[in-house]
Amino acid sequence: MVDYLLRYADRPDAEVRTGHRVDEVRGDGDGEGFEMTLADGSQLAARAVVAATGGFASPNRPALPGLDSFTGTLLRVAQYHDPKPFTGRRVVVVGAGNSAVQVAAELAGHARVSLASRAPVKWFEQRPPGGRDLHFWLNTGLDIAPLGRFQHAPATMAVIDDGRYRAAVAAGAPDRCPMFTTVEGSKVIWPDGLSEKIDTIVLATGYRPDLGYLAPLRALGSQGRPRHRNGLAHAHPGLAFVGLEWQRSLSSASLRGVGRDADRVARRLAALGRP
């Protein structure tokens, strides 16, 4: 997959610049284009801007009372790499998605682990009846259905499982429990009022787009989410997005679907005279 992506980057007849972070994007004053300021102070001008930084750049930190006061080890799931350093510890993994369940199950072989979430875990069978993998059925057309307009926030995804993770949770390794109500120093308070000392909390609570560089355009809504329809910004002709969750369909944020959205966005920009 890495080799494919490297080859792909060599294909377009375009200048590719890496290591150039964009600090902000502004209108050029004439309404005909945009001006971008980079982290090194240099500037770029363009008739169109496509924000293709996706929706997984900024880890979501849930509003959990007292979390900032936690005196144990607090990790985001992206910081977790190996279960061995947690051997013998008391760990709580927060979340109910694929990453939360898989990390919690792996840790449970080395530590005492609870999977804490506001709602029970939902499951999708990796191979539904018929013997075909779930992604085969999604690729028959379900994942390109234009349902993104109905998703005001990313939907909670079920855990795709071949049976082992569901069995692990059913066996209590990890045990699944309701979300704790607050954190007090090294302890969490569970809904039944009991307090328990915790060594490590792992947050597997999803991600949000990191689009702060578009703030000067006022193109973002609540929680920094872009205002758009099918990838085209509502109030800014020439501004578009690629790679957002549910931008247009279930597969919009995947390698399987992002190309379709990119082609659609490029055609729409060209039709506006914004090549």
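**A tour from strand 15 to the nonpolar core and S249**

Begin by selecting strand 6 (residues 73–76) together with strand 15: the two pair in the parallel sense over 4 bridges. The model on display is predicted. Within this pairing, L74 has I201 of strand 15 as its bridge partner.

Next, add strand 7, which runs parallel to strand 15 and is joined to it by 4 bridges. Here V91 is bridged to T200 of strand 15.

Now show the side chains of strand 15 (residues 200–203). T200 and V202 point one way, I201 and L203 point the other way, and all are buried.

Keep V91 selected and display its surroundings. Apart from residues up to four places away in sequence, V91 touches F86, L107, A111, R112, V113, S114, T200 and V202.

From V91, expand the selection to the largest nonpolar core, which has 21 residues; F86, V91, V93, V101, L107, V113 and L115 touch the most other members. Two or more residues are given to this core by each of strand 7 (90–94), helix 2 (98–107), strand 8 (112–117) and helix 4 (164–170). Helix 2 supplies the largest share, 6 residues. In soluble globular proteins, nonpolar side chains tend to be buried together.

Finally, move to S249, in the loop between strand 19 (239–241) and helix 5 (258–271). Is S249 buried or exposed? Its relative accessible area is 4%, so S249 counts as buried, the cut-off being under 20%. Beyond its neighbours within four places in sequence, S249 is in contact with D143, I144, A145 and G148. Select D143 to see that the side chain of S249 reaches the backbone oxygen of D143 at 3.0 Å.

Definitions and conventions: Residues numbered from 1 in each chain as written. Predicted model: local features only at pLDDT ≥ 70, side-chain atom pairs only at ≥ 80, totals over all residues. Heavy atoms only, no water. Core = buried A, V, L, I, M, F, W, Y, C linked by side-chain atoms within 4.5 Å. Buried < 20%, exposed > 50% of the residue type's maximum accessible area, 1.4 Å probe, protein only. Contact = heavy atoms within 4.5 Å. Polar contact = N/O pair within 3.5 Å; in protein donor to acceptor, adjacent residues only side chain to side chain. Pairing = 2+ DSSP bridges.
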